[in-house]
Amino acid sequence: MTDTASKPGQTEVWITGIGLATSLGEGLDANWAALQEKRINVDEKGFAPFIVHPLLPVTFDSQIPKKGDQRQMEAWQRIGVYAAGLALDSAGIKGNKDILSKIDMVVAAGGGERDLNVDTGVLNAEAKGANAPGFLNERLMSDLRPTLFLAQLSNLLAGNIAIVNGLGGTSRTFMGEEVAGADALRIALSRIASGESDIALVGGSHNGERKDLLVLYEFGDFNLKNKFVPVWARKDHAGFALGSAGAFLVLESRAHAEARGAKPYAKLSSVVTDLARRKQGGDMEATLEKLWDKLPKRAGKGAIISGATGAEPATSEERDFLKKHADFPVRATGTMFGHTMETQFPLGIALAALSISRGALFPPNDSTGTEIEMQGAPTQIVVVGAGHWRGEGMALVEAV
Amino acid sequence: MTAPRDKLGRPVVVVTGMGIMTSLGAGKADNWSKLVAGESGIRTITRFPVDGLKTTMAGTVDFVSVDPFSSTGLSERMAELVTQEALEQAGIGAKADFPGPLFLAVAPVEVEWPQRRELGRAVGAEDFTYDDLLRISGGGKYSAFHHRFMFGSVAAHLAETFGTKGSPISLSTACASGATSIQLGVEAIRRGETDAALCVATDGTVNPEALVRFSLLSALSTQNDPPQAASRPFSKNRDGFVMAEGAGALVLESYEAATARGAKILGVIAGCGELTDSFHRTRSSPDGKPIIGCMNKTLADAGMTPDQIDHINAHGTATPENDKMEFNTTSAVFGDLAQKIPVTSNKSMVGHTISAAGAVEAIFSLLTLEHQRIPPTINYETPDPTILFNVVGNKARDARVTAVMSNSFGFGGQNASLILTREPA
């Protein structure tokens, strides 16, 4: 098991910037207000019988001023570049060339949307008998938009963030669904804690309004269908509702933040990840328990923010794990934001930091009793991220 | 006895196992003998029809079978084979129990045409929409497709097969991915998180759509006949890169851990560096500053000066822009030495293995250090008069090589360099 539990003498790492663009809105105030009002934005018709949490529209121009840049991206990249810009704004470093020229980036990404018209066009023609050896080649050569590839490449989310904001440090893109978001934070945290880096932009983005993704997850029967219910109430109606969101964080060494007078939302104390075999019932729960034990001691007023997907058996195993820690109030981001895949873990960290900085955990939104009210200000929040198929991550966010 | 720590006080990171596969063949011995003999692995594509394509050749790995075939499946199988080779050489850990994390460079994953066509046929109609595909995707018939086309599937398979520890990281930094996987391993060891790391890079994506994508960006050579002469790094008549498949695996260990268990040390990862270019999605900043900065960071990371580098394993893709940019930036860093240090591009023979290239070329660099012989840049018949590198043209050259710089530059402003040396400095 690899981990970044902070060791004595290592640098404290602060969260000094948060950028959110979600199905509930853009920015911290809009998302916080929606959580307080228990507002959920789901589309049950557009992709019926499938349910998605669509992005609440934003004006991309404010973070991606050049239309030419916007045209070079597909939605998942635009959402991400937008949220990354908000995070830089929030940290007060937008346009700060000294810092942006050295900021390190770790991005968790999937891939870009396909051109569905091209795909169905080819398949329809083949169904009608087009079977010349070069048929697929010729159609792709003539029908694919030349720059679409760049809007599909995983590392071009980071590339576009760098281009739009003029970033010039390092740039790494991690793939691998949910746990990629946790590993991105783990590596960024350990690089700063060890002094390899001073400041990093970390996060991900996801467009859940994609039929090609619905097909991919439908292969495994993972999509939530017909009726929206909170994550914890899906046991006999399992599945996740894909969500659109971008969530980015600015992580910074305490010394670097203090030198420029930046205020922290919270500190990121530890991120741990693992890969349970999930061959037998209980494997994943045991791994979550191991990760829990690896986090630094918790003595404060704690809570848990879970990225549980609603898919089975992962969600039931996570619920078994949570039952053992029932004194911690739990919130499932999947209920409010949908499942945003690589973005879910950074989103959880963002909401943990926001809750700590605002002195309250957001209210429960659940019909099963898994989520309970929390009185008073949380000082420690554990973020849990267990993938729908593979990968487990956990982090501790604490008040500074 | 050398110090186990480098000039900056960090653990020295050494290589104790290597495995490689390219269009030239499987394994270090076969690859090395063909590489120094100047053989090309580029051939006319036979895996699928090439009618209607502008580029009809590639460096495919056709001697590995995967059933059912997919590019991701081929990437996975190649990664497995090179990892086995590397672990056998390193003799580390126990079977299925590698004592450290996995860092995997892998091409982005997506549902591929054979599977999409299977789905299309299953609709059973002549006219249908995407919704019809969606309607028949569930029910468990295609659950294997879900697993196959998860981005994390190749890493999960390798982690389970070889028993690597913790969460395996799948990464993409485009054509620099292989170098990034090594860099992540080096950093983990330097931070003291682990004594060993498994760094693997693999790419098996020569398929119709991938070729079309690069073709539409005018990145590929179209000198199809003869295919062996298509990849012409540093030549005046170069016209693009040649797509290729391959994989490389390196077992990295701290010098201390490697010597403690009596492992044979194959070389040292003395320095790594990377620097993002925010100029353009596919083109380098015209002033070359990000690449210059990348090379300088790598030298600083190794605690070395340009005069200590005696060979450059170039990115050398054979695109008109890359090779020119690489000479100009190397000149800015190395001064007159840029015209003296022997430079070669392995891509002249194995093509551009994309996500795997950084690791494949790091392994060739380590083999160069071992054999004190620099593989040639083939097809170097008409040198570009504006690229004044001391190119090891057409024939391998014996040379005293103590430190190699290996460069990788990719789409999305990704630049990464490595410095590999024989023994700890």
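Reader: What makes one say that the buried residues of helix H13 of chain A pack against other elements, and which elements are these?

Author: The partners are helix H12 (283-294), strand E11 (302-306), strand E12 (330-332) and strand E13, in chain A like H13(A) itself. Two residues are in contact if their C-beta atoms, placed from the backbone, lie within 7 Å. Helices (H or I, at least four residues) and strands (E, at least two) are DSSP runs, numbered from the N terminus. This is a predicted model, in which local features need pLDDT of at least 70 and side-chain atom pairs count only at pLDDT 80 or more, while totals for chains, interfaces and linings use all residues. Residues are numbered from 1 along each chain as its sequence is written, and chains are lettered from A and ligands numbered from 1 in the order in which they are written.

Reader: Which residues of H13(A) are called buried, and why are they placed on the same side?

Author: In H13(A), residues 314-323, the buried ones are Ala314(A), Thr315(A), Glu317(A), Glu318(A), Phe321(A) and Leu322(A); each therefore has 20 or more other C-beta atoms within 10 Å of its own (12 or fewer would make a residue exposed, and anything in between partly exposed, with C-beta atoms placed from the backbone). They share a side of H13(A) because their arc around the axis is only 160°, taken from the directions from the helix axis to the C-beta atoms.

Reader: What makes strand E14 of chain A mostly covered?

Author: Seven of the seven residues of E14(A), 392-398, are buried. Glu392(A), Met394(A), Leu396(A) and Glu398(A) point one way, while Gly393(A), Ala395(A) and Val397(A) point the other way. In a regular strand the side chains alternate between the two faces of the sheet.

Reader: How do you know which strands pair with E14(A)?

Author: Pairing requires that DSSP find at least two bridges between two strands. Strand E10(A), residues 266-274, has seven bridges to E14(A) in the antiparallel sense, and Val272(A) has Met394(A) as its bridge partner. Strand E13(A), residues 380-386, is also joined to E14(A) by seven bridges and runs antiparallel to it; there Gln380(A) is matched with Glu398(A). Both strands therefore meet the requirement.

Reader: What makes E6(A) and E6(B) a pair?

Author: Three bridges link E6(A), residues 171-175, with E6(B) in the antiparallel sense, so the requirement of at least two is met. Phe174(A) has Leu171(B) as its bridge partner.
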